[in-house]
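Biologist: Please show me the sequence and the structure, and then let us go through them by question and answer.

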Amino acid sequence: MAGPDKNSIAFVATEVIPESPPPARETGIVKWGRENLFSSIPNGILTLVSLWLIYVILSSTLPWILNGVWTTSSLAECREVLAGKTGACFSVLTERWNQLLYGFKYPTDAYWRPNLAFVLMLVAIAPVLFFDLPRKMLVFTALYPFVAFWLIWGGTIMAPVVALLGFVIAGAFFQKFGRSNFALGFFGGAVIALIVWSIGGALIPEGASENAVLSAVPSRDLGGFMLNMMLGLTCVSLSIPLGIALALGRQSNMPLIKGICVVFIEFVRGVPLITLLFVASVMLSYFFPPESTVDLFLRVVIMITMFSAAYIAEVIRGGLAALPKGQYEAADSLGLDYAQAMRLIILPQALKISIPGIVNVAVGLFKDTTLVSVISMFDLVGMIRGPILASTEWNGVYWELLGFAALLFFVVCYSISQYSQWLERKLHKGH
Amino acid sequence: MKKSVIFGALTVAGLAAGAAAAGTLDDVKARGKLNCGVTTGLVGFAAPDANGEWDGFDVGVCRAVAAAVLGDPKAVEFVPTTGKTRFTALASGEIDMLARNTTWTFSRDVDLKFTFVGVNYYDGQGFMVPKELGVSSAKELDGATVCIQTGTTTELNLADFFRSNNISYEPVPIETNAEAQQQYLAGACDVYTTDASGLAATRATFEDPSAHVLLPEIISKEPLGPLVRHGDDNWGDVVRWTLNALITAEELGVTSANIGEMAAGTNNPEVNRLLGTEGTLGEMLGLSADWGKNALMAGGNYGELFEGNIGESTPIGLARGLNAQWTDGGLIYSPPFR
């Protein structure tokens, strides 16, 4: 700096001026508030109105929640304790907790079984949801349905073992013959599985379930949120593969397969779910003799699965249609056969596009499981509407019970949606 | 298409033949359990408690039949049914009898092919109003807003009542009883109308029940009773006479408290026939001689069931009214045990 014209300048600062803090209105919460809440007059008014709304809602709900009663044994006692003050009667949740979760007929000493099945479910589902986990965990995922069946329904262990055996033998057969001839492998495998099941079923002695390690629980005794979870999980996991098959079938060149798929999808989509449920619970019992009906749970699972599979098929068809034709041609030009092209090129891309749609159907399906309450199955909503509100102790408690149900469903549905957003980010390849 | 229709018809015919051939009574005995259809939950009439045990006035009838047939009031498989599934459950043989506050009507009896074996509760449509309205009769309700469940007979009864009395009303359509309670308490309607037992049960859940009154007019007949399938008269007789046994026991003063003494033999021959110490009534029904005693031990006589579940000492607080014994001016009346 020392230059010839040093003396021509009257004053030179020799040190840096200390940093002064930014103006109060340009920093911290004030700046944030100015930019986000009061950036213009209309926005300012909206902010004030929202604050007032939040105040109104909280000032009426918070006392109700915080003043809640948790330990009484009937609504009348709740009112006595509250003595005219505002307050929720959460005692109904504590007293009927087990009924809300497991239904009112599941044996009390067996609650650990669905609990264990739930924990194992988390383990089994992890490798499917998170691809970074070791692939060997998928073995447990494959075994899980049979383990869960045995835990929840109990009875003889032979039933799930025979079912598993049928799948294993059919799978082995498919491995051996399906490579060269898909149709032979597939249908041969199906026939072999049926043979194994019928022989195995005949071999299980009558009354084997009576002295089993885990006491048998009939489907009618399942209930509560457990039933919603079971229906939701089973139907989603069955309807995704079925939906993929239907979507591919609808695009097939073979008129018979295409026709069947189109008719199935259009028919099922054109009928309300509640109608299908009525058919499952009411009509089918006319066609079977009273002793040999198909299990009600199974009937409902089949109907809900059919319903959501039709929707998922259409979602996936959208994904398939969104793929450029070049992808199909590229697969052909590589010399891949149909199965390879679908597995390696088409479906991975199509499914990625379809994730939001599939999740949408899955969330909807999970909430639709509450419809089973109209065919007198006691899921969470059925328990609330039926036995709990009809008991002399708790008749008249609405907000607490239905709010609790809403909370449970929100937790599950929000987790599903968060997972799908994570999955979309993870699969995003930037093209 | 033709073929499937034929197969369908064959199946139905086969089922019908099967149901007619094998008696329900034998089925129940062989099974060791009575499949009894109840509601999914109605205060006082049927609801499972915190331990999952079913309890209520209709449930009492199921237990009495189970006790009469099998000797064990616990040998009942309760099959919860909704208003929509109840008749198919009975017709398809899923349940042996239905005790689900079902109104006995012509078309249900004749067209749907059921047999109503009796009436265990005489209900009727009533009105509830807030006390501050100052109304003492339904005929003063000119211009009132009325909460009414859509698609029910109550809706039609209401229209008839107001038309025949030349007064007007404004309906507020609602879907369920729960919704009605909220609407009524929020003041969306001046009057709530449904079956009188339902009104009483609803009022019992209010914070201040005394601020609401039930008007004296009952504008419809709703005889509620258990029913069985057409075509199996033996089984119908069993259920009918079990119900009659409960009613007769109250008339004759046989209660669950004194039944031990009475069963040892009394001077009243009808009591003896009822309890099986005299005559062969049980044998005629195809049951054991002490069937009546077992049925009464299950939950007491008709009056005890009424008082214990829906009577004035319970929160529901229904007066006997029409459901008093005929000797007390009510309609409850059983043919003699002879």
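The questions below take up each chain, then the contact between the chains, then a pair of helices.

Modeller: This is a predicted model, in which local features need pLDDT of at least 70 and side-chain atom pairs count only at pLDDT 80 or more, while totals for chains, interfaces and linings use all residues. Residues are numbered from 1 along each chain as its sequence is written, and chains are lettered from A and ligands numbered from 1 in the order in which they are written.

Biologist: Is chain A compact or spread out?

Modeller: Chain A has 17 helices and 0 strands (DSSP runs, H or I of at least four residues for helices and E of at least two for strands, numbered from the N terminus). Its radius of gyration is 30 Å, and the globule rule gives 22 Å for 431 residues (the radius is taken over C-alpha atoms, and the rule is 2.2 Å times the number of residues to the power 0.38). The first value is well over the second, so chain A, against a compact globule, is more spread out.

Biologist: What percentage of the residues of chain B count as buried?

Modeller: Chain B has 14 helices and 14 strands. Its radius of gyration of 22 Å is close to the 20 Å of the globule rule, so chain B is as compact as a globular protein of 338 residues. With buried meaning 20 or more other C-beta atoms, placed from the backbone, within 10 Å of a residue's own, the buried share of chain B is 47%.

Biologist: Which element of chain B gives the most to the side that touches chain A?

Modeller: In the contact between the chains, 30 residues of chain B meet 26 residues of chain A (C-beta atoms, placed from the backbone, within 7 Å). On chain B, α1, β2, β4 and α7 each supply at least two of these residues. The element that gives the most, with 3 residues, is α1(B).

Biologist: How are α12(A) and α13(A) oriented to each other?

Modeller: The axes of α12(A), residues 273-287, and α13(A), residues 296-322, come within 9 Å and cross at roughly 155°. Axes are lines fitted to C-alpha atoms, for helices over the stretch in contact, and angles run from 0 to 180 degrees between N-to-C directions. Angles over 145 degrees count as roughly antiparallel. The crossing angle therefore makes the two helices roughly antiparallel.

Biologist: Which residues of α13(A) meet α12(A)?

Modeller: On the α12(A) side, the residues in contact include Leu273(A), Leu276(A) and Leu284(A). Facing them in α13(A) are Leu296(A), Arg299(A), Val300(A), Met303(A) and Phe307(A).

Key
Parallel < 35°, antiparallel > 145°, perpendicular 65-115°, else oblique. Contact = placed C-beta atoms within 7 Å. Buried ≥ 20, exposed ≤ 12 C-beta atoms within 10 Å, placed from the backbone.
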